[in-house]
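Here are some short exercises to work through with the model open beside you. Try each task on your own before you read the solution.

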Amino acid sequence: MAEQMTGVCRFCGQTIITSAETQEEADRAATMNCGCPGAEIERTKESVREELNELIGEMAPDNGWEPARPNVFNAVAELSDCVVEGTITSATLRISETNLKIGRNKGKISVQRTKTITQGGRH
Ligand SMILES: [Zn+2]
C-alpha cells in the first residue's frame with residue numbers, strides 16, 4: 001500500500017512529501033521532481049537511455065531496427081551518460097551496418113540512428 005512518505009533528492013537533499021511504497025521510491029520521486037542541476041542531468045540521462053532503448057534496445061524491433069546485444073547497449077548507455085555530463089562532446093558508433101550518433105545540438109542532447117540503403121550496379 002502506498003503511503004505518504006518524505007522523499008529526499010539524491011543530489012541536493014531537498015525533500016518532498018510523496019505517495020510511495022518504499023523509501024527508495026520516495027527518494028526517486030524527489031530526485032525526479034527536483035529543479036537542482038544534478039537532478040536535471042539525471043533526468044536527461046534517463047530520457048536519453050529511453051531513446052536508446054527505442055533505437056538499439058528492447059524496443060528497437062518495434063521501430064524497425066535490429067536491437068544491439070545487451071553488453072553493447074550498456075556500453076552505449078555509459079557513453080550517452082558521458083555526453084549528458086559533458087565529459088564527452090559526442091559519440092558516433094557503427095552498429096550492424098547503421099550509424100548511431102549521440103551529440104549535443106543547441107544545448108540539447110540529440111540521439112540519431114541512421115541507416116543508408118544502397119541498391120543497384122553497373123550494366
Ligand atoms: Zn535536487
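**Exercise 1. Locate K106 and decide whether it is buried or exposed.**

Step 1. K106 sits in the loop between β4 and β5. Helices (H or I, at least four residues) and strands (E, at least two) are DSSP runs, numbered from the N terminus.

Step 2. This is a predicted model, in which local features need pLDDT of at least 70 and side-chain atom pairs count only at pLDDT 80 or more, while totals for chains, interfaces and linings use all residues. Residues are numbered from 1 along each chain as its sequence is written.

Step 3. Count the neighbours: K106 has 5 other C-beta atoms within 10 Å, so it is exposed. A residue is buried if 20 or more other C-beta atoms lie within 10 Å of its own, exposed if 12 or fewer, and partly exposed in between, with C-beta atoms placed from the backbone.

Step 4. Check the backbone too: K106 is not a glycine, yet its phi is positive, at about 50 degrees.

Step 5. For a distance, take R28, which is 78 residues from K106 along the chain; their C-alpha atoms are separated by 28 Å.

**Exercise 2. Work out the order of the strands in the open sheet, and find which strands stand at the edges.**

Step 1. Begin with β3 (residues 91–95) and β4 (residues 98–105), which run antiparallel and are joined by five bridges. Two strands pair if DSSP finds at least two bridges between them. R94 has N99 of β4 as its bridge partner.

Step 2. Now go from β4 to β5: seven bridges join these antiparallel strands. Here K101 has Q112 of β5 as its bridge partner.

Step 3. Put the pairs together, and you have an open sheet of three strands in the order β3-β4-β5, with antiparallel pairing. β3 and β5 (108–114) are at the edges with a single partner strand each, so one side of each has no neighbour in the sheet. From one strand to the next, the twist averages 15 degrees.

**Exercise 3. Examine the turn between β3 and β4, and find what phi E97 has.**

Step 1. β3 and β4 form a hairpin with two residues between them. In this turn, S96 has a positive phi of about 30 degrees.

Step 2. E97 lies in the loop between β3 and β4. Its phi is near 65 degrees, which is positive in a residue other than glycine.

Step 3. E97 counts as exposed, with 9 C-beta neighbours inside 10 Å.

**Exercise 4. List the residues of the largest nonpolar core, and say which element gives the most to it.**

Step 1. This core has eleven residues: L52, L55, I56, A68, F73, V76, V83, V84, L100, I102 and V111. A nonpolar core is a set of buried Ala, Val, Leu, Ile, Met, Phe, Trp, Tyr and Cys residues joined through C-beta atoms within 7 Å.

Step 2. Sort by element: α2 (37–55), α3 (70–85) and β4 give two or more residues to the core. α3 gives the most, with four residues.

Step 3. Look at V111, whose contacts are V48, E51, L52, L55 and I102, leaving out residues up to four places away in sequence. Two residues are in contact if their C-beta atoms, placed from the backbone, lie within 7 Å.

Step 4. Finally, see how α3 lies: it crosses β3, β4 and β5, running at about 20 degrees to β4. Axes are lines fitted to C-alpha atoms, for helices over the stretch in contact, and angles run from 0 to 180 degrees between N-to-C directions.

**Exercise 5. Find which residues of α1 are buried, and what covers them.**

Step 1. In helix α1 (residues 23–33), the buried residues are A26, D27, A30 and T31. They cover an arc of only 135 degrees around the axis, so they lie on the same side of α1. The arc is that of the directions from the helix axis to the C-beta atoms.

Step 2. Among the elements that cover these buried residues are β1, β2 and α2.

Step 3. Look at two of those elements: strands β1 (residues 3–8) and β2 (residues 15–20) run antiparallel and are joined by six bridges. V8 has T15 of β2 as its bridge partner. Their hairpin has six residues between the strands, and G13 there takes a positive phi near 85 degrees.
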